[in-house]
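Work through these exercises with the model open in your viewer. Try each task before you read its solution.

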Amino acid sequence: MDDPGVMDVFEAMSTCRAMRYLKPDPVDEQLIERVITAATWAPSPGNSQGRDFIVVTDPDKKREIGDAVQAVMGDRVAAMDRPDRTHRLMLDGTAHLIETLTTCPALIFVCGKAVYPYGAPRESFVWSSIYPAAQNLIVAARALGLGTVFTTFQGVAEPVIRETLDIPTDVHIGCMIPLGWPDRKFGPLERVGYDQVVHLDGWQGDLRT
Ligand SMILES: Cc1cc2nc3c(=O)[nH]c(=O)nc-3n(C[C@H](O)[C@H](O)[C@H](O)COP(=O)(O)O)c2cc1C
């Protein structure tokens, strides 16, 4: 069914840049519900769906998390080498994102418990449940015009995040996805092309030149 205002999935995926510049303007709860619902449609091993989503919009909680990430990552990112334009743009964007986590409308944590294989759950399956869901969320957000970025740097503040959000020890934090209205342009993507990654009927050596 056509949904006015929603982008074609190929256009959404092919312009889905990591958006590290997000406006502080609020995002309607229904839109957040919509992107998380899209995330729940993702596959998982044995359809075990071992994932949960923590949506943080409370300003005090965002500040606690933002300050804890900034305290460790601020200097670290500032000191990282920026040998070319790509690195400069990415790291300047990361620095900006870290500084503005507090004002970002929503921080979404995609978490998961080891629930698969049933009877003998393994941690490796947690990530295979979390990552497809996170990517569905990111593409759905792009299709609605929202910006997101998949992050793992919040790991430096995991103890603070766990305490602030009451996350039990058996729940893994897979990623954090800051979400908001974009303050920069999306796309195009810089990716290696089809011919450099596709091997027909068997491994054909290193295709990347
Ligand atoms: C597993 C994973 C971890 C990532 N961690 C971070 C992160 O901690 N901070 C960040 O700013 N971006 C992070 N990213 C986003 C990547 O840097 C980004 O997708 C990649 O550089 C491509 O950028 P583009 O989508 O703008 O082309 C992560 C992406 C993935 C898939």
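**Exercise 1. Polar contacts of the ligand**

How far is an oxygen atom of the ligand from an N or O atom in the side chain of arginine 20? The model is predicted. Then find two further polar contacts, one at threonine 152 and one at arginine 191.

Solution.
- Step 1. Start at arginine 20. An N or O atom of its side chain is 2.7 Å from a ligand oxygen.
- Step 2. Go to arginine 191. Here a polar side-chain atom and an oxygen of the ligand are 2.8 Å apart.
- Step 3. Turn to threonine 152. Its contribution comes from the backbone: a polar atom there is 2.9 Å from a ligand oxygen.
- Step 4. Check the cut-off. A polar contact needs N or O atoms within 3.5 Å, so the pair at arginine 20 qualifies. By that cut-off the pairs at arginine 191 and threonine 152 therefore qualify too.
- Step 5. Add the coverage. On its own the ligand has 630 Å² of accessible area, and the protein covers 67% of that.

**Exercise 2. The shell around the ligand**

List the residues around the ligand, then sort them by class.

Solution.
- Step 1. Collect the residues with a heavy atom within 4 Å of the ligand. They are Cys16, Arg17, Ala18, Arg20, Met90, Thr94, Val149, Phe150, Thr151, Thr152, Phe153 and Arg191.
- Step 2. Sort them. The shell holds 6 nonpolar, 3 polar and 3 charged residues.

**Exercise 3. The largest pocket**

Which space does the ligand take? Describe the lining of that space.

Solution.
- Step 1. Place the ligand. The space it takes is the largest pocket.
- Step 2. Give the size. The volume of this pocket is about 1,000 Å³.
- Step 3. Look at the centre. There are 30 lining residues, and Arg17, Ala18, Met19, Arg20 and Met90 are the closest to the centre of the pocket.
- Step 4. Assign the lining to elements. Both α4 (85-99) and α5 (124-143) give at least two residues. The largest share is that of α4, with 7 residues.
- Step 5. Sort by class. The lining has 15 nonpolar, 8 polar and 7 charged residues.

**Exercise 4. The second largest pocket**

Which element gives the most to the lining of the second largest pocket?

Solution.
- Step 1. Find the volume. It is about 330 Å³ for the second largest pocket.
- Step 2. Read the lining. It consists of Asp3, Val6, Met7, Val9, Arg34, Ala38, Trp41, Asn136, Val139, Ala140, Ala143 and Leu144.
- Step 3. Find the elements that give two or more residues. They are α2 (29-40) and α5.
- Step 4. Pick the main contributor. That is α5, with 4 residues.
- Step 5. Sort by class. This lining divides into 9 nonpolar, 1 polar and 2 charged residues.

**Exercise 5. Enclosed cavities**

How many cavities of 30 Å³ or more are there? Identify what lines the largest cavity and the second largest cavity.

Solution.
- Step 1. Count. There are 2 cavities of 30 Å³ or more.
- Step 2. Take the largest cavity. It holds about 50 Å³ of space. Among its lining residues are Pro45, Ser48, Lys113, Tyr116, Arg122 and Phe125. The most comes from α5, with 3 residues. By class, its lining has 6 nonpolar, 3 polar and 2 charged residues.
- Step 3. Take the second largest cavity. Its volume is about 30 Å³. Arg20, Leu22, Leu97, Thr100, Thr103 and Cys104 line it. They divide into 3 nonpolar, 2 polar and 1 charged.
- Step 4. Link back. Arg20 lines the second largest cavity and also belongs to the residues around the ligand.

**Exercise 6. Backbone exceptions**

Is the peptide bond from tyrosine 116 to proline 117 cis or trans? What is the phi of asparagine 47?

Solution.
- Step 1. Recall the norm. Most peptide bonds are trans, and most residues other than glycine have a negative phi.
- Step 2. Check the bond from tyrosine 116 to proline 117. It is cis, with omega near -10 degrees. Proline 117 sits in the loop between β2 (106-113) and α5.
- Step 3. Check asparagine 47. Its phi is positive, about 55 degrees, although it is not a glycine. Asparagine 47 is in the loop between α2 and β1 (52-56).

Technical notes: Residues numbered from 1 in each chain as written. Predicted model: local features only at pLDDT ≥ 70, side-chain atom pairs only at ≥ 80, totals over all residues. Heavy atoms only, no water. Polar contact = N/O pair within 3.5 Å; in protein donor to acceptor, adjacent residues only side chain to side chain. Areas by Shrake-Rupley, 256 points an atom, 1.4 Å probe, with all protein chains shown as cover. 1 Å grid on protein atoms, 1.4 Å probe; cavity = no way out; pocket = protein on both sides within 12 Å on 5 of 7 lines; lining within 4 Å. Sits in = over half its atoms within 2 Å of the grid points. Nonpolar A, V, L, I, M, F, W, Y, C, P; charged D, E, K, R; others polar. Points joined across faces, edges and corners; volume = space filled by probe spheres on them.
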